[in-house]
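Open the model in a viewer and keep a selection panel at hand. The stops below are given in the order in which to select them.

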Amino acid sequence: PLLSLVLAITFIQIGNAQEMWGIATSNYAGSNSTLSNPSFLVNSKLYQDINILTSDFFFENNAVNINKEDFRLFKMFGPNGDVPSYGENDYVMDIYDNKDIKFAHISMHLRGPSFMQVRGDMAFAVHTAFRSITDNRGLPYEMVNFGYYGLDYTPQHNINYVDQDIKVASLHWGEIGATYSSVFHKYGLNRYSWGVTAKLLTGVAGGYFDGREVDYIVLNDSTINFNNLDGIVGYSLPIDYATNDVQMKPLFKGWGVSIDLGFSYTRTKHGHQNKRYQELCQQSYPDYLYKIGVSVIDFGGIFFGRNARKHNYDNVSGLWEEIDTLNFNNLDQIARMVSERFYGDPDASLVDNKISLYTPAALSAQFDYQVIPNWYVNTTVILPIVLGPNSIQRPSQIVIVPRYESRIFEFSMPISLYEMRYPRIGLAARVGFLTLGTDKLGGYLPFSDFTGMDFYFSIKFNFPKGYCGRHGRNAGCQNLEYGIKRDK
């Protein structure tokens, strides 16, 4: 049952940004620039923006796939629903026949109404968001096979498997954040900035499994011999554990906080403009040759004190026969039955009625270089910070983003190395208030096996520095001081 629970948590959701590189690296990102480094806010080409909705959906794994010969995106989502099928159970996805350690990462990021404004050498922003992340790593190949084929998969019977460091974590939360950014020092062509985002987190649901060691043998399709089980399961879900009925009251099962903290150095082209401005739109934009940034993002966690359970299996063992005939009516029954099997007491495994999960913290470094006017190349590295076994681990990445940007139009092609191993090419474009993009263009093309996808969009209104209206009293701010040619 414990094995089935882990596999269920892992694969039921496959069927939740990663970083939205085509949005976050732009000088027109505005409030969305805080996704990578909050200090970039004050160096924006915008004096103000209003974000209506920014969204990202991301999925990647190395366990299951749709073969490239069978992948036809428009047919699959067309009126006939022409989807492939694999195996005796007609699964939509095939399984990789190798012994690699498996991972699966699913995320959804909805950034709702948000606002930012720059006032000289300081800037502030507020944002709202809902985020959902499930991260599974260290998954043994044979567990994935048992989950796909069932316990009657005879090639793996009577083999002693010893697996360690299995991590499964899922977190779903809302957040309200406030950002402050300012230039704390400038001289000559040099400009130093810092920024911080403080976020209040509201936990809707969460859970994790920390499998320190699972030593077992599947003897046949109905018997598992657990030589040793050492792990912790914690969860807080919006259901009644005694009936499995959906329980949305209260909606928030936990509360927490997190922060983003960033610093940046900008090498400007022409120094600084200290000219006073009467209107926000008259602010000057210090064009730069390059800028360097470093930041810590999503450093924090959520404490779940409602509807939470924490079960500890401390180096227990046992022979479980007729496991295929067990029937479960609710989650409490499963937990009590597992505890009875290993401890001889249905309540012994329950050690706490509260849990905590850490948000996907990371250390990020950025370098952005302007090759020629309006043409840039950005390089960003993201390294996860794991605060504990109950952490949502962010995938490590290195990305190079060449881009062209202007007030009306922007185009970029992110080239990334996901988990420092899997190369990907993306594409993003902005026209006015609308941005569409993907960091994995191959997820839509039949050139390789389909293992995941990424799609993001943004609807927001930008107010660039130096544009105060063509006929108003501030029309004269459109000049070379802002890097903008005067209208003929």
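Select residues 375-384 and 397-405, strands β16 and β17, which run antiparallel and are joined by eight bridges. To check the register of this predicted model, show Tyr 376 and look across to β17, where Arg 403 is its bridge partner.

Stay on β17 and show its side chains. One face is covered and consists of Gln 397, Val 399, Val 401, Arg 403 and Glu 405. The uncovered face holds Ile 398, Ile 400, Pro 402 and Tyr 404. Arg 403, the partner of Tyr 376, is thus listed on the covered face.

Next add residues 415-418, strand β19. This strand pairs with β17 in the antiparallel sense over four bridges. Gln 397 of the covered face has Tyr 418 in β19 as its bridge partner.

Now add residues 409-412, strand β18. Together with β17, β18 forms a hairpin, with three residues between the two strands. Their pairing is antiparallel, over three bridges. Tyr 404, listed on the uncovered face of β17, stands opposite Phe 411 in β18.

Which side chains of β18 point to the buried face? Glu 410 and Ser 412 do, while Phe 409 and Phe 411 point to the other face and are not buried. The side chains alternate along the strand, with the two phenylalanines on the face that is not buried and the glutamate on the one that is.

To follow Glu 410 further, select residues 427-431, strand β21. β18 and β21 pair in the antiparallel sense over four bridges, and Glu 410 stands opposite Arg 430.

Switch to a surface view for the next stop. Select Phe 184, Ile 259, Leu 261, Phe 263, Val 294, Phe 299, Tyr 358, Leu 363, Leu 383, Leu 387, Ile 398 and Met 420: they make a nonpolar surface patch of about 960 Å². Two elements, β10 (254-268) and β11 (288-304), give two or more residues each to this patch. The largest share, three residues, comes from β10. Ile 398, already seen on the uncovered face of β17, is also a member of the patch.

Within the patch, pick Phe 299, which lies in strand β11. How is Phe 299 classed by its relative accessible area? With a value of 37%, Phe 299 is partly exposed.

A second patch carries charge. Select Glu 88, Asp 152, Asp 221, Glu 321, Glu 322 and Asp 324, which form a negative surface patch. Glu 321 can be placed in the loop between β12 (308-320) and α5 (331-343).

Return to a cartoon view and select residues 141-149, helix α4. Why is α4 described as largely enclosed by the rest of the structure? Seven of its nine residues are buried. The buried ones are Tyr 141, Glu 142, Met 143, Val 144, Asn 145, Phe 146 and Tyr 148. Step past the end of the helix to Gly 150, which takes a positive phi of about 100 degrees just after α4.

Finally, select the whole protein. Its elements are five helices and 23 strands. Of the 488 residues, 53% count as buried. The exposed area is about 21600 Å², and carbon and sulfur atoms supply 59% of it.

Key
Residues numbered from 1 in each chain as written. Predicted model: local features only at pLDDT ≥ 70, side-chain atom pairs only at ≥ 80, totals over all residues. Heavy atoms only, no water. Patch = residues over 30% accessible without salt bridge, like charges linked within 9 Å, V, L, I, M, F, W, Y side chains within 5 Å. Areas by Shrake-Rupley, 256 points an atom, 1.4 Å probe, with all protein chains shown as cover. Salt bridge = Lys/Arg side-chain N within 4 Å of Asp/Glu carboxyl O. Lys, Arg positive; Asp, Glu negative; His and termini not counted. Charge placed at Lys NZ, Arg CZ, Asp CG, Glu CD. Buried < 20%, exposed > 50% of the residue type's maximum accessible area, 1.4 Å probe, protein only. Pairing = 2+ DSSP bridges.
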